[in-house]
Amino acid sequence: AALDSLNEVIIPNNSQLEIQCTISSQEEDSAAKKLSACDRDATLLQSQLEPLSTPQLAKRLERTFGVLLDKETEQAYNRDYVMATLLECYKKHGPREIRKEKGIPVSKHRLDALMQELNAVNWPHTTRERPKIKAEHYMIIQKPGSGVEDSVRTKKETAKLIKYKKLFDLAVDTLAEVDPVFAERFTALAVTHNFVGSPHIDTLNVGPFYGLSLGEFS
């Protein structure tokens, strides 16, 4: 309609002018409206499934519920349809099993020291380093020797490490108590404040990791 109006008003007085208009497709509109991990409600099953690709969702449909989509139809490749079908299967199947796992105990004096240091942290005043993760503060401290020597990035990371050296050393000592081998191998420490679960799939963090939560929760 907008293109027709422009042609009616402009073209008669500008015969050499040609108007071209790009109209976004339904798929493009859907992609533009896609929420980041930090914008989703982490308690919803769909939020937890969103990080999966459409083929991965279809594979789960087949392996978990025995539902095989007809690959000769467009619906088999329509993400909204595949997601809706999978959610409906989960709904019919009933509530998912809740698993509770006990973590590995850590010495109280280490936890107290870490908590004290975390409460004293002077958080960076810049934008969170992981803007698509829901947390009040989020920063990464790189382990010495994990970057390219003498690069601008490594120099910045070294300066940050020096600033938060006490916190980093306390975290490494705590990790070493549980897994001394991994404490020697890991390359980066993520430190967060008021972190809320944000279902996502990492592209940079591709190895195993340990997690430790401190403080009061609600």
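**Asn 194, two nonpolar cores and a long-range leucine pair**

Asn 194 counts as partly exposed, with a relative accessibility of 49%. This value comes from a predicted model, and the same residue draws attention through its backbone. Most residues other than glycine have a negative phi. Asn 194, although not a glycine, has a positive phi of about 55°. The residue is found in the segment after strand E2, which spans 188–193.

The overall architecture gives this position its context. The protein contains nine helices and two strands. Read from the N terminus, the order of the elements is α-α-α-α-α-α-β-α-α-α-β. Of its 218 residues, 23% count as buried. The accessible surface amounts to about 16,900 Å², and carbon and sulfur atoms account for 52% of that area. Among contacts in the protein with a separation of 6 or more, 67% are between residues 24 or more positions apart.

The interior can be followed through its nonpolar cores. The largest of these has 17 residues, and those with the most contacts inside it are Met 139, Ile 141, Phe 168, Phe 186, Leu 189 and Val 191. Strand E1 (137–142), helix H8 (165–178), helix H9 (180–185) and strand E2 are the elements that give two or more residues to this core. Helix H8 gives the most, with five residues.

Met 139 shows how such a position is surrounded. With its neighbours within four places in sequence left aside, Met 139 is in contact with Leu 189, Ala 190 and Val 191, and also with Val 121, Trp 123, Pro 124, Glu 129, Tyr 164 and Leu 167. Of these partners, Leu 189 and Val 191 are also listed among the residues with the most contacts inside the core.

Apart from this core lies another, of 13 residues, which includes Leu 45, Leu 52, Ala 76 and Cys 89.

A further point of interest is Leu 111, in helix H6, which comprises residues 108–119. Which residues does Leu 111 touch, not counting those up to four places away in sequence? They are Val 106, Leu 212 and Leu 214. The partner Leu 214 is 103 residues from Leu 111 in sequence, yet the two are 7.7 Å apart in space, C-alpha to C-alpha. Leu 111 has a relative accessible area of 23% and is therefore partly exposed, because buried means under 20%.

How values were computed. Residues numbered from 1 in each chain as written. Predicted model: local features only at pLDDT ≥ 70, side-chain atom pairs only at ≥ 80, totals over all residues. Heavy atoms only, no water. Helix = DSSP H or I, 4+ residues; strand = E, 2+ residues; numbered from the N terminus. Buried < 20%, exposed > 50% of the residue type's maximum accessible area, 1.4 Å probe, protein only. Contact = heavy atoms within 4.5 Å. Areas by Shrake-Rupley, 256 points an atom, 1.4 Å probe, with all protein chains shown as cover. Core = buried A, V, L, I, M, F, W, Y, C linked by side-chain atoms within 4.5 Å.
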